[in-house]
2 protein chains.
Amino acid sequence: MDTSDDLRFDRGDGTPGRLRRQLSRLLGMTSAQASRVASEALAPLGAHKAHFVVLAVLAEGGPASQSEIADRARIYRSDLVAVLNELAEGGWIVRAPDPADKRRNTITITDRGRGRLAEIEAVLDDVNDRVMAPLSEAERAQLFSLLGRVNAHLASGGGASPAP
Amino acid sequence: MDTSDDLRFDRGDGTPGRLRRQLSRLLGMTSAQASRVASEALAPLGAHKAHFVVLAVLAEGGPASQSEIADRARIYRSDLVAVLNELAEGGWIVRAPDPADKRRNTITITDRGRGRLAEIEAVLDDVNDRVMAPLSEAERAQLFSLLGRVNAHLASGGGASPAP
DNA sequence: CCGCTTGCGTTAGTCCCACTAACGATGTAG
DNA sequence: CTACATCGTTAGTGGGACTAACGCAAGCGG
């Protein structure tokens, strides 16, 4: 299998070898492309990726406070506010004050929300499939595993700069 | 055993399975972390990643016009302007009008520029190493290969949405 | 020569994302 | 009661990808 496609990317043509060694560059480019594909696929639905994330968290973890959602969904509480507003406006979640602790809101996914989640999930699964089209099943698993390990390592402070 | 660590990441605990299936999410998180590590490492030098990219292109490809650089470095011409200004201010490149075509500038890397490139490269190589610390050599190659293939696929329009 | 189109560098500005700071209201500990 | 921590919220930063439009120069067809 040769690289006969007219990719304008990292092929032998003009890309210096130094650049190809940089993981962060490759990650960045790939991430940007994948993200773009996903966003474009969700656009017709009027949905954002954050919607999916939050709905998934609520569907699988049950009702939760906003900071709980933020923790689980790996979203900042500050950004979560707008997302929840949009989701509430669509009737996909309910934001109700927690009687036990008046600081908290208890967020619950609605039935419509579950439908919405399924809808979004279908789109994103398809996107995932298109993005990873050139990879076999085993390779996809490999990619997830490798990325996951790097990610976990970085998340646990593994990449911090050494003491000065 | 509580999750008192402040890894707010994907560790099986609260992250729904649906989210873990999404490559773009994993890519995004990992890319953001890696990018952050790189930026922090470059900060003490007063350097940006774009500096590295442009210097590398010039060092390996020889003098070039700005749009040529933009093509090779996979940067937008509009963004390139500021980068070249900074590089010129540091004396790492020279921007001279092309006598053959007065619309063009010919950009050339200086000796100081080559020194700067080496300096930045050393930092970034170290970053790369720290980021991929948990992976063996073979696994790193695997990761590059897999990412590269996905990236190439996306770059050649592989992930476009089907006709509506 | 004249107009037309194309490519070049530049300016400005948009959108999205990760991230921080601060604040009022509420809860908790001493 | 006082001091402090937490919750939701608002606002704003910084960077990266990307677009639009402009002035200028080159090239081409007539």
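A polar contact is a pair of N or O atoms within 3.5 Å. The model examined here is predicted. By that cut-off, A:R36 makes such a contact with DNA strand D: an N or O atom in the A:R36 side chain is 3.3 Å from a phosphate oxygen of the strand. The side chain of A:Q66 also reaches a phosphate oxygen of DNA strand D, with an N or O atom 2.8 Å away. Chain B addresses a base instead. An N or O atom in the side chain of B:D79 is 2.9 Å from a base nitrogen of DNA strand D. Two or more residues each are given to this surface by α4 (66–73) and α5 (77–89) of chain A and by α5 (77–89) of chain B. The largest share, three residues, comes from α5(A).

In total, 17 residues surround DNA strand D. The closest are A:R36, A:Q66, A:S67, A:R103 and B:S78. Nine of the surrounding residues are charged, six are polar and two are nonpolar. Of the strand atoms within 4 Å of the protein, 72% belong to sugar or phosphate, and the rest belong to bases.

DNA strand C is surrounded by 19 residues. The closest are A:S78, A:D79, A:K102, B:Q66 and B:S67. Sugar and phosphate make up 71% of the atoms of DNA strand C that come within 4 Å of the protein. The class count for this surface is 11 charged, six polar and two nonpolar residues.

Chain B supplies several phosphate contacts to DNA strand C. The side chain of B:Q66 places an N or O atom 2.8 Å from a phosphate oxygen. B:S67 uses its backbone, with a polar atom 2.8 Å from a phosphate oxygen of the strand. B:N105 also contributes a backbone N or O atom, 3.4 Å from a phosphate oxygen. The elements that give two or more residues to this surface are α5 of chain A and both α4 (66–73) and α5 of chain B. Here α5(B) has the largest share, three residues.

Helix packing was examined within chain B. Helices α3 (residues 49–61) and α6 (residues 111–131) of chain B pack at an angle of about 125°, and their axes are 10 Å apart. The two helices are therefore oblique to each other. Their crossing is left-handed. From α3(B), the contact draws on B:H51, B:F52, B:L55, B:A56 and B:A59. From α6(B), it draws on B:G113, B:R114, B:R116, B:L117, B:I120, B:E121 and B:L124. Seven residues of this contact are nonpolar, two are polar and three are charged.

Technical notes: Residues are numbered from 1 along each chain as its sequence is written. Chains are lettered from A and ligands numbered from 1 in the order in which they are written. This is a predicted model: local features need pLDDT of at least 70, side-chain atom pairs count only at pLDDT 80 or more; totals for chains, interfaces and linings use all residues. Side-chain values use heavy atoms; hydrogens and water are left out. A residue is near a molecule or strand if one of its heavy atoms lies within 4 Å of it. A polar contact is a pair of N or O atoms within 3.5 Å; within protein, one must be able to donate a hydrogen and the other to accept it, and residues adjacent in sequence count only if both atoms are side-chain atoms. Helices (H or I, at least four residues) and strands (E, at least two) are DSSP runs, numbered from the N terminus. Ala, Val, Leu, Ile, Met, Phe, Trp, Tyr, Cys and Pro count as nonpolar, Asp, Glu, Lys and Arg as charged, and the others, Gly among them, as polar. Axes are lines fitted to C-alpha atoms, for helices over the stretch in contact, and angles run from 0 to 180 degrees between N-to-C directions. Angles under 35 degrees count as roughly parallel, over 145 as roughly antiparallel, 65 to 115 as roughly perpendicular and the rest as oblique. A crossing is left-handed if the near helix is turned anticlockwise from the far one by less than a right angle, and right-handed if clockwise. Contact means heavy atoms within 4.5 Å.
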